[in-house]
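Me: I have a structure open beside its sequence and would like to talk it through with you. Could we go step by step, with short answers?

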Amino acid sequence: MTVELAFQFAITVLCVSCPCALGLATPTAVMVGTGTGATNGILIKGGEPLETAYKVKTVVFDKTGTITQGIPSVIKYFKYISEDIISSRIFLNLMASAENISEHSLAKAVVKFCSKALKSENFSKCANFQPVPGCGLKTRVLYKPDNVDDPELIYRIAEYEDLHKLIKTGKNEDKLKNVEKLADGYLNYEVLIGNREWMKRNFIEIDSLIDSEMEKYESKGNTCILCAVNSNIVGMIAIADKVKEEAHLAVYNLYKMGLEVYLLTGDNKRTAENIAKQIGIRKVFAQVLPSQKARKIEELQKSTGKKVAMVGDGINDSPALAKADIGIAIGTGTDVAVEAAHIVLIRNDLIDVIGAIDLSKKTVKRIRLNFFFASIYNLIGIPIAAGIFLPLGLNLKPWMASVAMALSSISVVCSSLLLKFYKKPTYGSLKTQDYLNYLHSGALSDSQFSIHKGVDGFESTGSILESIKSSRIGQFFIGKETHNFKKLDNEGLLNIPMEDEDMEMTVVHDSTKIKL
């Protein structure tokens, strides 16, 4: 009888101690969590990002297409060369032809503007197209004169303003008057489009009036690009991209969650500063080249020792998305960014950044509850099954232990399924009275912004010699073609060291109050 009873207790203990519940605790919660995220427009690629997102302490945002709507439009077009020397019809065709090859969102805005003004999408051919991320592009446009005059063109462009009378005549203006004519009748124009740094690298002087006009529009949060033809700055275009409605609310709640928030953008510091003021981000890194974004993420990871999330949408953001502990891509962004990210926001809503972190917290909490209850079950069930409480008349039969074991597994699965009732934060739920009071109280005016030009702490890996490889002087001395895009080495161009006084600039000022 004693042997039979001991054998019964052994069978009962084996049934009770089956680790099914413990084994189901994590995978069931992760499976339901990822499914719930997908239902709510948050695509999570696997269990690791879901279990890591709640640990994030720093969130870094890209600007264009992430903080902004990603639908830029031209709001101003300045021309600095007389119509007699180069007409707007030719100039707009040259710009559109060069930008039409680029995949950048700003390039698309320029092409759309030029197409509308010209009432045509028949652009010229380009040769030796050379894009330099974070700076601009350089190409040769082969323009075929058609002897068609359109004197009404400039009057159709509401954004047009002619300032050529206020600009000093450049020493290279003759190059616009005497354009190289090829054997097949095409006119050979050298076109450069980009920012100040790009013009500087190509030894093109920027008039003080042009610079002041750029500052005027950049201070309003717009992006300004210059276009030079045959070494002469012919025009400047100001492009606006509206901030997403939910951006400020998302940033406010991230701060409320105790997270550090950064803005990381390739735009100039004036534009970045204006956008940061609108959405309440206090720490900004402007004029950051694409190759530096990933390095900045790595620097934040090492300096803080905390998990860093990167939110972006473009090709230039892909290395940073892959480098971050959690890469969050906007679903409407490029395929490369979506592929590199760990989490994809299908609905292009920044509130879902909070939703992804919150869902991670809820899922991890559910996993811990599953482990707790499964462990408690074993801690209580095993002693009873072993017969410790037999003198008190408390005893379990093997079939009872089997039922209890099955019920424990079912309870863990049901516990995980409760995640299906998760409701993510929405714009309405987060726009609380506390948030409205925060806006109306003027608390934002006490916020201080830290604006940095470039990326602090980076070692320069390129030389000044490398930075002029694409310039005319470099080509002359090297004596070989360096415009071939496939063979171009941009590393030196991307890492050209700036002047000491330009490496870092910190500005502290008061934020402006946001109007509802």
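Me: Which residues of α6 are buried?
Reply: Happy to help, and do keep in mind that this is a predicted model. Helix α6 covers residues 105-118, and it is mostly covered, with 10 of its 14 residues buried. Those buried residues are L106, A107, A109, V110, V111, F113, C114, S115, A117 and L118.

Me: What covers the buried residues of α6?
Reply: Cover here comes from contacts, that is, heavy atoms within 4.5 Å. Both helices and strands are included in what covers the buried residues of α6: β3 (73-79), α5 (88-99), α7 (153-156), β9 (223-229) and β10 (232-240).

Me: How far does α6 reach from its first C-alpha to its last?
Reply: The helix has 14 residues, and at 1.5 Å a residue the expected span is 20 Å. The span in the model is close to that expectation, at 20 Å.

Me: Why does C114 count as buried, and which cysteine sulfur is the nearest to that of C114?
Reply: Buried means under 20% relative accessible area, and C114 counts as buried because its relative accessibility is 0%. A search of the whole structure finds zero disulfides. C114 is accordingly in no disulfide, and the nearest cysteine sulfur, 8.6 Å away, is that of C227.

Me: Is C414 buried, partly exposed or exposed?
Reply: The middle class lies between the 20% and 50% cut-offs. With a relative accessibility of 42%, C414 therefore counts as partly exposed.

Me: What is the phi of K119, the residue that follows α6?
Reply: K119 sits in the loop between α6 and β4 (125-132). At 64% relative accessibility, K119 counts as exposed. Although K119 is not a glycine, its phi is positive, at about 55°.

Me: Where does N128 lie, and what is its phi near?
Reply: N128 belongs to strand β4. Its relative accessibility is 30%, so N128 counts as partly exposed. N128 is a residue other than glycine with a positive phi, near 55°.

Me: Now to helix α16. Is S360 buried or exposed, and which residues does S360 touch?
Reply: S360 is found in helix α16. At 0% relative accessibility, S360 counts as buried. Leaving out residues up to four places away in sequence, S360 touches L50, E51, T52, A53 and Y54.

Me: Is L379 buried or exposed?
Reply: L379 is also a residue of helix α16, which runs over residues 351-385. The exposed class starts over 50% relative accessible area. L379 has 60% relative accessibility, which means that it counts as exposed.

Me: What is the accessible area of the nonpolar patch that L379 helps to form?
Reply: The patch lies on the surface and is formed by F372, F373, I376, L379 and I380. Together these residues have an accessible area of about 520 Å².

Me: Let's step back to the whole chain. How many helices and strands does the protein chain have, and what share of its residues count as buried?
Reply: The protein chain has 23 helices and 16 strands. Its length is 516 residues, and the share that count as buried is 50%.

Me: What share of the accessible surface of the protein chain do carbon and sulfur atoms supply?
Reply: The protein chain exposes about 24,700 Å². Of that area, carbon and sulfur atoms supply 57%.

Definitions and conventions: Residues are numbered from 1 along each chain as its sequence is written. This is a predicted model: local features need pLDDT of at least 70, side-chain atom pairs count only at pLDDT 80 or more; totals for chains, interfaces and linings use all residues. Side-chain values use heavy atoms; hydrogens and water are left out. Patches are made of residues with over 30% relative accessible area and no salt bridge: like charges are joined within 9 Å, nonpolar side chains (Val, Leu, Ile, Met, Phe, Trp, Tyr) within 5 Å. Accessible areas come from the Shrake-Rupley method with a 1.4 Å probe; for residues, only the protein chains shown count as cover. A salt bridge is a side-chain nitrogen of Lys or Arg within 4 Å of a carboxyl oxygen of Asp or Glu. Helices (H or I, at least four residues) and strands (E, at least two) are DSSP runs, numbered from the N terminus. Buried means under 20% relative accessible area, exposed over 50%, partly exposed in between (1.4 Å probe, protein chains only). The expected span of a helix is 1.5 Å times one less than its number of residues. A disulfide is a pair of cysteine sulfur atoms within 2.5 Å.
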